[in-house]
Amino acid sequence: MTRLVLEGLCRAEGLPKQLLVYDPEANNLERLSTIVGDRPTEADLHRAVAEVADLMFLAVHPPVAVEVCEQIKPALKRDATIISLIPTITLRRLSEMLNGFNRIVRMTPTRRR
């Protein structure tokens with residue numbers, strides 16, 4: 001899903017000037033890196049990413065979401081926005097996992113018919 005969003009932003013010439021991309025799967029990370037060009041990529045999830053991110057996409061499988069939220073919640077900027085692409089986790093639950101952080105948008109893709 002992240003790849004599709006990034007490709008759309010790239011086509012619209014709307015990629016942010018500073019963009020960090022992370023995926024635990026090396027093949028996925030390589031594919032994402034080809035879309036974003038020579039922009040930096042993160043090999044690991046670090047709190048440092050959350051400390052500087054104004055906009056953060058969470059596109060992880062639901063079982064991994066708890067671990068990711070634990071890693072980023074201490075460092076989230078108050079005015080950051082999270083866009084959740086996690087299909088089964090509600091806004092309320094995600095907010096709870098992030099200690100009440102509520103600047104969250106939930107985006108769930110639908111299939112074309």
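1. Asn99 sits in the loop between α5 and β3. In this predicted model, Asn99 has a positive phi of about 55°, although Asn99 is not a glycine. Buried or exposed? Asn99 counts as exposed, at 60% relative accessibility.

2. Gly100 belongs to the loop between α5 and β3 (104-106). Its relative accessibility is 46%, so Gly100 counts as partly exposed: the value falls short of the over 50% needed for exposed. Along the chain, Gly100 and Lys73 are 27 residues apart. Their C-alpha atoms are separated by 9.5 Å.

3. Ser95 is a residue to inspect alongside this loop. Ser95 lies in helix α5, which spans residues 91-97. Why does Ser95 count as buried? Its relative accessible area is 15%, and buried means under 20%. The side chain of Ser95 reaches the backbone oxygen of Phe101 at 2.8 Å. Leaving out residues up to four places away in sequence, Ser95 touches Gly100, Phe101, Asn102 and Ile104.

4. Glu13 also deserves a look at its backbone. Glu13 is not a glycine, yet has a positive phi of about 55°. Its place is the loop between α1 (2-11) and α2 (26-36). At 75% relative accessibility, Glu13 counts as exposed.

5. Now the overall layout. The protein chain has 5 helices and 3 strands. Read from the N terminus, the order is α-α-α-β-α-β-α-β. The chain has 113 residues, of which 31% count as buried. Take the contacts in the protein chain with a separation of 6 or more: 47% of them join residues 24 or more positions apart.

6. Strand β1 covers residues 55-58, and its side chains alternate. Met56 and Leu58 point to one face and are buried. Leu55 and Phe57 point to the other face and are not buried. How do β1 and β2 pair? The sense is parallel, over 4 bridges, with β2 at residues 81-84. Leu58 stands opposite Ser84 in β2. Between the two strands the chain passes through helix α4 (residues 62-72). This β-α-β crossover is right-handed.

7. Val60 lies in the loop between β1 and α4. Val60 counts as partly exposed because its relative accessibility is 22%, above the under 20% range for buried. Val60 and Ser84 are 24 residues apart along the chain, and their C-alpha atoms are separated by 8.7 Å. With neighbours within four places in sequence set aside, Val60 is in contact with Ala65, Val68 and Ile86.

8. Next, the nonpolar interior. In soluble globular proteins, nonpolar side chains tend to be buried together. Here the largest nonpolar core has 20 residues. Met56, Leu58, Ile72, Ile82, Leu94 and Leu98 have the most contacts inside this core. Which elements give two or more residues to this core? They are α3 (47-52), β1, α4 and α5. The largest share, 4 residues, comes from α4.

9. Ile82 is one of the core residues with the most contacts. Not counting residues up to four places away in sequence, Ile82 touches Met56, Leu58, Ile72, Leu76, Leu98, Phe101, Arg103, Ile104 and Val105. Apart from the largest core lies another, of 8 residues. Among them are Leu15, Val21, Ile35 and Val36.

10. Finally, the cysteines. How many disulfides does the structure hold? The count is 0. Cys10 counts as partly exposed, at 35% relative accessibility. Cys69 counts as buried, at 1% relative accessibility.

Key. Residues are numbered from 1 along each chain as its sequence is written. This is a predicted model: local features need pLDDT of at least 70, side-chain atom pairs count only at pLDDT 80 or more; totals for chains, interfaces and linings use all residues. Side-chain values use heavy atoms; hydrogens and water are left out. Buried means under 20% relative accessible area, exposed over 50%, partly exposed in between (1.4 Å probe, protein chains only). A polar contact is a pair of N or O atoms within 3.5 Å; within protein, one must be able to donate a hydrogen and the other to accept it, and residues adjacent in sequence count only if both atoms are side-chain atoms. Contact means heavy atoms within 4.5 Å. A disulfide is a pair of cysteine sulfur atoms within 2.5 Å. Two strands pair if DSSP finds at least two bridges between them. A crossover is right-handed if, with the strands pointing away from the viewer, the path from the first strand over the helix to the second runs clockwise. A nonpolar core is a set of buried Ala, Val, Leu, Ile, Met, Phe, Trp, Tyr and Cys residues joined through side-chain atoms within 4.5 Å.
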